[in-house]
Amino acid sequence: MSGIEISSGLKGDGPSNYTIIGGDCQVVNIKLAPGESCVCEPGVLMHMDPKLTPSTSYACSCRRYMSGEGQWRTIFTNNADEPAIVGLTPNRPAKVVPVDLAMLTAGGAEGLYCQQGAWMASAGEVVVSAGAECNPCKMCCAGQGAVKMYLRGTGTAFLEGHGTVMMKVLAAGEKLVVDQTAVLGWANTVDLTFRLNGGCCTCCCSGEGMFNAVLDGGSKGGVVILESMPFEKFRAAIVQPMPGQRGGKTNNV
């Protein structure tokens, strides 16, 4: 479909303080100026300049826990008098998807909804929170459950994206129908709803489930980010019972 592009993330027009390397299982190298810090989930460090000081912080936030993130955060701070670099990589096989929240808010949105657990790290002012879905129909059928991750601020958030990551800017009133598991993130100006996949045979036998997600640009439009191979889908594809086994247990005769 025209307008959907392979994306390396949502970036501002100015120079960035990070570089992303690798084709998959990527690494983001973040350049921290003196006094700057970056925050990340535990376990994502690959390398760092010895001038950086690591520390941990306990968030003590119910909203953060509900968004799919743990309470502990790792912080890398540059206390030296010259720039230093820290290299981070996702805890799962994934691409690093940068999202410049300042650019997002400049487009009229206040923040970005994401699938639970998508956040990996951030530089600058980024608040990791959660948003509740109060519509019971959307809660059960739109594919994102009762609680969604919500990112807001003026810094850059780094998400985990699996497979091929694509991005589209929906115009006001424009809609896009996608597989429920393919939705990685969407601006808060975009409405995530659902529709029936088809008739009874299609719902039961097409392998696409009963409902598809619908991303609606509404009155303002906004950015949507998609991924081709979410981790749960990848895991289900490779974890299959071996011949002669049922549910992973040997079927002895």
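Helices and strands here are DSSP runs, with at least four residues for a helix and at least two for a strand, numbered from the N terminus. Counted that way, the chain has 5 helices and 22 strands. Keep in mind as you look around that this is a predicted model.

How far can you trust it? The average pLDDT over the chain is 83, and 83% of the residues score at least 70. The stretch to be wary of is residues 248–253, where the pLDDT drops below 50. That stretch makes 7 contacts in the model beyond its near neighbours in sequence. Where pLDDT is low, the predicted coordinates should not be read in detail.

Now for the chain as a whole. Of its 253 residues, 44% are buried. The accessible surface adds up to about 12,900 Å², and carbon and sulfur atoms account for 56% of that. If you take the contacts between residues at least 6 apart in sequence, 78% of them join residues at least 24 apart.

A good example of a link between distant parts of the chain is an aromatic pair, one of 5 in the structure. Y113 and Y150 sit 4.8 Å apart, centre to centre, with 40° between their planes, so the pair counts as tilted, neither under 30 degrees nor over 60. Y113 belongs to strand β10 (residues 112–114) and Y150 to strand β13 (residues 147–153), and the two are 37 residues apart. Y150 has a relative accessible area of 13%, so this residue counts as buried. Add W186 to Y113 and Y150 and you have one aromatic cluster. Y113 has a charged partner too: K148 lies over the face of its ring, at 4.3 Å from the ring centre.

Next, the cysteines. How many disulfides does the structure hold? The count is 0. C38 is in no disulfide, and the nearest cysteine sulfur to it is that of C40, 5.5 Å away. The view from C40 is no better: its closest cysteine sulfur is the one in C38, and 5.5 Å is too far for a bond, because a disulfide needs the two sulfur atoms within 2.5 Å. Are C38 and C40 buried or exposed? C38 has 0% relative accessibility, so it counts as buried. C40 counts as buried as well, at 1%.

C200 gives another picture. You'll find C200 in helix α4, which covers residues 200–205. Its relative accessible area is 60%, which means that C200 is exposed. In sequence C200 and M210 are 10 residues apart, and their C-alpha atoms are 8.5 Å apart in space.

Finally, have a look at the loop between β2 and β3, where C25 is found. Most residues other than glycine have a negative phi. C25 is not a glycine, yet its phi is positive, at about 45°. With a relative accessible area of 47%, C25 is partly exposed.

Q26 lies in that loop too, between β2 (18–21) and β3 (27–32). Its relative accessible area is 11%, so Q26 counts as buried. What does Q26 touch, leaving out residues up to four places away in sequence? Its contacts are I20 and I21, then L88, T89 and P90, and then A94, K95 and V96.

Technical notes. Residues are numbered from 1 along each chain as its sequence is written. This is a predicted model: local features need pLDDT of at least 70, side-chain atom pairs count only at pLDDT 80 or more; totals for chains, interfaces and linings use all residues. Side-chain values use heavy atoms; hydrogens and water are left out. Buried means under 20% relative accessible area, exposed over 50%, partly exposed in between (1.4 Å probe, protein chains only). Rings of Phe, Tyr and Trp (its six-membered ring) pair if their centres lie within 6.5 Å; planes under 30 degrees apart count as stacked, over 60 as edge-to-face and the rest as tilted. A charge sits over a ring if NZ of Lys or CZ of Arg is within 6 Å of the ring centre and within 35 degrees of the ring normal. Contact means heavy atoms within 4.5 Å. Accessible areas come from the Shrake-Rupley method with a 1.4 Å probe; for residues, only the protein chains shown count as cover. pLDDT is the predictor's confidence in each residue, from 0 to 100.
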